Amino acid sequence: MSGSRPRAGTGRSHRGRTCAVGFCLCLAIALGCVTRRAVSREDPPPSTKSQASPAAASTQPPVKAEPAALSTPAIPAAAASPAPEAIDRQPYRIELHLSFDPSARIDHARRAALLKQWQAQVRRFVGPPWIITIAATPSPLASGNLETLEAEACSRFDPAFDKIWLVRISAAAPASGLVFTGREYDTATRRLGPLQDHTAFVLADAPRAMLQFALELFSPTALITGQEGGRALLLVRGGSIAPASEMGKVVSKGTVFVPLRLITMKDHSVAIRRIAFTYLQTQETERAIARCAIVSALRDPLTQRVALPNTLAALGIKPGNNTLRLRFLNRPDLAPAAGYTLFARAVPDGLAHELGMTDRAGRIALKPGFADGLVVLRLVAGTAEPLVEFPMMPGESSDEREIPIDPMPLSIGYQVQLDALRDEVIDLVAQRSRLEKRMEARLQGEDLEGLEQGLKEYVLLPSRDLCADRLSKMKEQATEQQAKSKTPVLSKNIQARFSELQALIDRYLDNEAFQSYTEALERKRSERAGTAATKGSSKRQFPAAPAPAQSSIPGETARSAGPGPSAQPQAPSAQPKTDKPPF
């Protein structure tokens, strides 16, 4: 065939076939352009557009408005994949590892019935926000010691699940019933939640008790999107999914979160670090947005002044059943802080109450249930000098936390001196009040000598200027020591005590009462002197009686003059008058 001569017209036919092939290629390219324009109208993700090759697009026919069963797939599979769903529309995928203690005496039939009834109540009260899968073979961790369990032991669970629930059911010790004990592991943040427990006193009430236990065990997750008006803004996962009832809401008022910082390291690994002594308490909710108050011992806990790229997230937390162990150490030698009193106050505006005192090693253990929610702990030296103040969730962890403090010995010394001076001022106010009452009684009883004696005792008491001078000298000395040592001596508490004592001196140690009683004594004395002078002058100015006139007839003068002004009437004779002589 290679040596035979070509026939006539063979070149013309070859050129015709070449033109036909070129026309088909042009048509395919045009169809590919139409297909790409149709795909661009669907607005796929940018990564999907870059993955679709021109050759694959050129071989696809144009998209037509046909039924799905009849149309030919024209968009590549990569381009047809849906965009990732927003975080607030994503439910929580939960895997339950349920272990039954032999003391519970629950067989397979009762186990199946309990789980069936519990799942029915979850669908009824929680609904779409939870997608629960029950592990056919529970993890051995569920039957172990959950209180001492570490988060590293839970790292082998399937990352396809968002939450891992390790639950154990055992018999109630003092009475008949069941006790649910468990912990939650969050696979995204690799954090293990606090120990939770709930008791079902009646076996028939076990499904409802297990639902309540699951609600206590569950902790939502969120992204911290910013701050507004001093509050943190959280985008809560599953917040836009409508629950089956109000009980199933993912976040509500009062929900507490722990802020986390996800830092991208130089080797492209992600380090998850908790922001210490900081909590976010939900105040308002609007669909998936939660506005939370920032409760922290730090000045700016959610700062973005971080060298490496980072993202702020949050994980819900609830009071646990762990014993909270704290140890306080004095700076700089980290010696045990013994003999300090610890107070607790509920957030936001609870009353402070005493929890206990640190032992010789500076330790204090807080049993579960000492508070129902987030509290602010304050360590106090002396009577009221706060050394450290920080928020804490009861039963959050059983691990011991070491907290270094500044003992502030100079401030505590001045606090003792101020307390002593305050006691003296209060005693002085009491003595003055007692003398004032006594002098008031003497004044009302016209006992001027007793009033004068009370004024003499009043003068012997310490004066107001003396107490004010002692206080001012003490404050000047504290200011000089603070400038020399360059350590805080005049703390806020000490400054408030100085102001309080100064106000006490100015208000109660005035001399108005002494001056008023002195003036009253002088007035009474002048009144008495005036009364005595008036009586004496009236006696000296009284006129004398005129002398009786002389008469020549004896006895007439006496009859005419009559009785004088001072004359006394004569008493009648003891013997009766008779005409007969006496003898």
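Mentor: Buried means under 20% relative accessible area, exposed over 50%, and partly exposed in between (1.4 Å probe, protein chains only). Keep in mind that we're looking at a predicted model, where local features need pLDDT of at least 70, side-chain atom pairs count only at pLDDT 80 or more, and totals for chains, interfaces and linings use all residues. Residues are numbered from 1 along each chain as its sequence is written, and side-chain values use heavy atoms, with hydrogens and water left out.

Trainee: OK, so why is W130 called buried or exposed, whichever it is?

Mentor: Put its 8% relative accessible area against the 20% limit. W130 falls under that limit, so it is buried.

Trainee: And how do you know which class F218 counts in?

Mentor: The relative accessibility of F218 is 5%. That is under 20% as well, so F218 is buried too.

Trainee: What makes the rings of W130 and F218 a pair, and why is that pair called stacked, edge-to-face or tilted?

Mentor: Rings of Phe, Tyr and Trp (its six-membered ring) pair if their centres lie within 6.5 Å; planes under 30 degrees apart are stacked, over 60 edge-to-face, and the rest tilted. The centres of W130 and F218 are 5.2 Å apart, so the two rings pair. Their planes sit at 55°, so "tilted" is the right word.

Trainee: Which parts does the pair tie together?

Mentor: W130 is in strand 2 (residues 130-134), while F218 is in the loop between helix 6 and strand 7 (221-228), so the pair links parts 88 residues apart in sequence. Those elements are DSSP runs numbered from the N terminus: helices are H or I, at least four residues, and strands E, at least two.

Trainee: How many aromatic pairs does the structure hold?

Mentor: There are 7 aromatic pairs. W130 and F218 also belong to one aromatic cluster with Y92 and W165.

Trainee: What makes a set of residues a nonpolar core?

Mentor: Its members are buried Ala, Val, Leu, Ile, Met, Phe, Trp, Tyr and Cys residues, joined through side-chain atoms within 4.5 Å. The largest one here has 43 residues, and W118, W130, W165, I169, F180 and L234 touch the most other members. Helix 6 is its biggest contributor, with 8 residues. There's also a second, separate core of 34 residues, including V256, L324, L374 and M393.

Trainee: Which residues does W118 touch?

Mentor: Leaving out residues up to four places away in sequence, W118 touches L96, I132, W165, P207, M210, L211 and A214. Contact means heavy atoms within 4.5 Å.
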